[in-house]
Amino acid sequence: MKRLSLRVLEQLSELQASMQELSEERSTALKMFIASRTSTTTGAQREFWLEFSWLDQEYRVAVRRLAQFCSERVDDRLNSTVMR
């Protein structure tokens with residue numbers, strides 16, 4: 001099995017860290033939205049929902065970026081082994 005270059009490992013680490021950070025923020029926003037359903041006004045609930053929705057979209061983009069990055073690395077490896 002071929003090792004990843006330092007540059008690729010750094011990129012992977014950055015993508016994973018970004019996804020993890022957004023995951024934590026998304027989880028917190030969801031908890032706040034759920035708590036708001038019984039303790040705040042309808043307007044405030046809407047704000048909590050919008051915050052969660054925005055973070056959820058950001059998280060989904062981060063997941064797609066990480067998946068695309070990994071898929072590209074797998075494709076690169078398969079192409080390099082076929083060319084040998």
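**Notebook: salt bridges and rings in a two-helix chain**

**Entry 1, a starting residue.** I began with E72, which counts as partly exposed, since its relative accessibility is 35%. I note at once that I am working with a predicted model, and I keep that in mind in each entry below. From E72 I looked for a partner of opposite charge and found R73, the closest N and O atoms of the pair being 4.0 Å apart, which is listed as a salt bridge. I then followed R73 to a ring, and found that R73 lies over the face of F69, at 4.3 Å from the ring centre.

**Entry 2, the chain as a whole.** Before going further I looked up the overall make-up, and the protein chain has 2 helices and 0 strands. Helix α1 covers residues 6-39 and helix α2 covers residues 42-83. Of the 84 residues in the chain, 18% count as buried. The chain exposes about 6,700 Å², and carbon and sulfur atoms supply 55% of that area. I also checked how contacts are spread along the sequence: among contacts with a separation of 6 or more, residues 24 or more positions apart account for 71%.

**Entry 3, the salt bridges.** How many salt bridges does the structure hold? I find 3 of them, and the one between R73 and E72 is already noted above. I turned next to D56, which forms a salt bridge with R26, with the closest N and O atoms 2.6 Å apart. This pair links distant parts of the chain, as D56 sits in helix α2 and R26 in helix α1, 30 residues apart. D56 also forms a salt bridge with R60, where the closest N and O atoms are 2.9 Å apart. Here both residues, D56 and R60, lie in helix α2, 4 residues apart, about one turn of the helix. I therefore record R26, D56 and R60 as linked in a network of salt bridges, the rule being a side-chain nitrogen of Lys or Arg within 4 Å of a carboxyl oxygen of Asp or Glu.

**Entry 4, cover over that network.** Is D56 buried or exposed? D56 counts as buried because its relative accessibility is 10%, and the cut-off for buried is under 20%. R26, at 25% relative accessibility, counts as partly exposed, and R60 is partly exposed too, with a relative accessible area of 44%.

**Entry 5, the aromatic rings.** I then searched for ring pairs, and the count comes to 2 aromatic pairs. In one of them the rings of F33 and W49 have their centres 5.1 Å apart and their planes at 55°, so the pair is tilted. This pair links distant parts of the chain, with F33 in helix α1 and W49 in helix α2, 16 residues apart. W49 forms an aromatic pair with F52 as well, again recorded as tilted, at 5.5 Å centre to centre and 45° between the planes. W49 and F52 both lie in helix α2, 3 residues apart, about one turn of the helix. Ring pairs thus link F33, W49 and F52 into a cluster.

**Entry 6, cover over the rings.** Which accessibility class does each ring residue fall into? I find that F33 counts as buried, at 13% relative accessibility, and that F52 counts as buried, at 9%. W49, by contrast, counts as partly exposed because its relative accessibility is 40%, a value between the limits of 20% and 50%.

Key
Residues are numbered from 1 along each chain as its sequence is written. This is a predicted model: local features need pLDDT of at least 70, side-chain atom pairs count only at pLDDT 80 or more; totals for chains, interfaces and linings use all residues. Side-chain values use heavy atoms; hydrogens and water are left out. Buried means under 20% relative accessible area, exposed over 50%, partly exposed in between (1.4 Å probe, protein chains only). Contact means heavy atoms within 4.5 Å. Accessible areas come from the Shrake-Rupley method with a 1.4 Å probe; for residues, only the protein chains shown count as cover. Rings of Phe, Tyr and Trp (its six-membered ring) pair if their centres lie within 6.5 Å; planes under 30 degrees apart count as stacked, over 60 as edge-to-face and the rest as tilted. A charge sits over a ring if NZ of Lys or CZ of Arg is within 6 Å of the ring centre and within 35 degrees of the ring normal.
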